[in-house]
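Here's a quick briefing to read alongside the model. Have the viewer open and follow along.

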Amino acid sequence: MVTLERLRPDHAEAVLAFERENRSYFTRSISDRGDAYFTGFAERHRALLAEQDAGVCHFHLVLGEQGTLLGRVNLVDVADGSAELGYRIGERAAGRGVATAAVREVCRLAAGTYGLRALTAITTCDNLASRTVLARNGFTEEGEVTIKGRPGLSFRRPLTPDDRA
């Protein structure tokens, strides 16, 4: 249904177009990236690639059957066998199981390719779709957090050798 492709330099234009197209959609459930994100995108993209090259983050595009960019799924702050999961799926692909499939695949990559033992995630309490995706992928609620002034929840998922398959 979906494939993940590791972020590359030649993805910049497609990622920027995706973020622009979905900006108002994303701000309905998560905080806006702000105008500076878009005006300084080229430098930001280079910085993300440098973080990825350093092994502290793993960024992925979520692609549909025809190679259409449907979303992004990332593992950030990689340290001590763990990373924080983050993802965003564009409006056109929402509600079709894309996020669930992308998170399932990144869990497989995290356990196998990246050798991680656990993932964490956070979401606002009112983001039921994100909470559902996390639950469907074996994340369990850990506690309450505040996300940019909004009430949220933290989640954790241990990774096992079975996740590599």
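Where is the place of S82? S82 sits in strand 4, and we'll come back to its surroundings below. Keep in mind that this is a predicted model. In outline, the protein chain has 5 helices and 7 strands, and the 7 strands form an open sheet with mixed pairing.

**Overall build**
- Reading from the N terminus, the elements of the protein chain go β-α-α-α-β-β-β-α-β-α-β-β.
- The radius of gyration of the protein chain is 15 Å, close to the 15 Å that the globule rule gives for 165 residues, so the chain is as compact as a globular protein of that length.
- The C-alpha trace spans about 40 × 35 × 30 Å along its principal axes.
- Of the 165 residues in the protein chain, 44% are buried.
- The accessible surface of the chain is about 8800 Å², with 50% of that belonging to carbon and sulfur atoms.
- Take the contacts between residues at least 6 apart in sequence: 59% of these join residues at least 24 apart.

**The sheet**
- Strands of a sheet pair through backbone hydrogen bonds, either parallel or antiparallel.
- Here the strand order is 1-2-3-4-5-7-6.
- Strand 1 (3-6) and strand 6 (140-147) are the edge strands, and each pairs on one side only.
- On average, neighbouring strands of this sheet are turned by 30 degrees against each other, direction ignored.
- Strand 2 (residues 58-63) and strand 3 (residues 69-79) run antiparallel, joined by 6 bridges.
- For H60, the bridge partner in strand 3 is V73.

**Helices on the sheet**
- Helix 4 (residues 98-111) packs on the sheet and touches strand 1, strand 2, strand 3, strand 4 (82-89), strand 5 (118-124) and strand 7 (150-158).
- The direction of helix 4 makes about 155 degrees with that of strand 4.
- Helix 5 (residues 128-136) also packs on the sheet, where it touches strand 4, strand 5 and strand 7.
- The direction of helix 5 makes about 160 degrees with that of strand 5.

**S82, in strand 4**
- Is S82 buried or exposed? S82 has 17% relative accessibility, and because the cut-off for buried is under 20%, S82 counts as buried.
- The side chain of S82 reaches the backbone oxygen of A118 at 3.3 Å.
- Leaving out residues up to four places away in sequence, S82 touches D77, L116, A118, L119, T120 and R156.

**R72, in strand 3**
- R72 is part of strand 3, and its relative accessibility of 5% makes it buried.
- Which side chain makes a polar contact with the side chain of R72? That would be the side chain of E19, at 2.8 Å.
- Neighbours within four places in sequence aside, R72 has contacts that include V15, F18, E19, R33, Y37 and L48.
- R72 is also in contact with H60, L61 and V62, and with G86, Y87 and R88.

**T39, in helix 2**
- T39 belongs to helix 2 (residues 35-39).
- With 72% relative accessibility, T39 counts as exposed.
- T39 and V103 are 64 residues apart in sequence, and their C-alpha atoms are 29 Å apart in space.

Notes:
Residues are numbered from 1 along each chain as its sequence is written. This is a predicted model: local features need pLDDT of at least 70, side-chain atom pairs count only at pLDDT 80 or more; totals for chains, interfaces and linings use all residues. Side-chain values use heavy atoms; hydrogens and water are left out. Two strands pair if DSSP finds at least two bridges between them. Helices (H or I, at least four residues) and strands (E, at least two) are DSSP runs, numbered from the N terminus. Axes are lines fitted to C-alpha atoms, for helices over the stretch in contact, and angles run from 0 to 180 degrees between N-to-C directions. Contact means heavy atoms within 4.5 Å. The radius of gyration is taken over C-alpha atoms; the globule rule is 2.2 Å times the number of residues to the power 0.38. Buried means under 20% relative accessible area, exposed over 50%, partly exposed in between (1.4 Å probe, protein chains only). Accessible areas come from the Shrake-Rupley method with a 1.4 Å probe; for residues, only the protein chains shown count as cover. A polar contact is a pair of N or O atoms within 3.5 Å; within protein, one must be able to donate a hydrogen and the other to accept it, and residues adjacent in sequence count only if both atoms are side-chain atoms.
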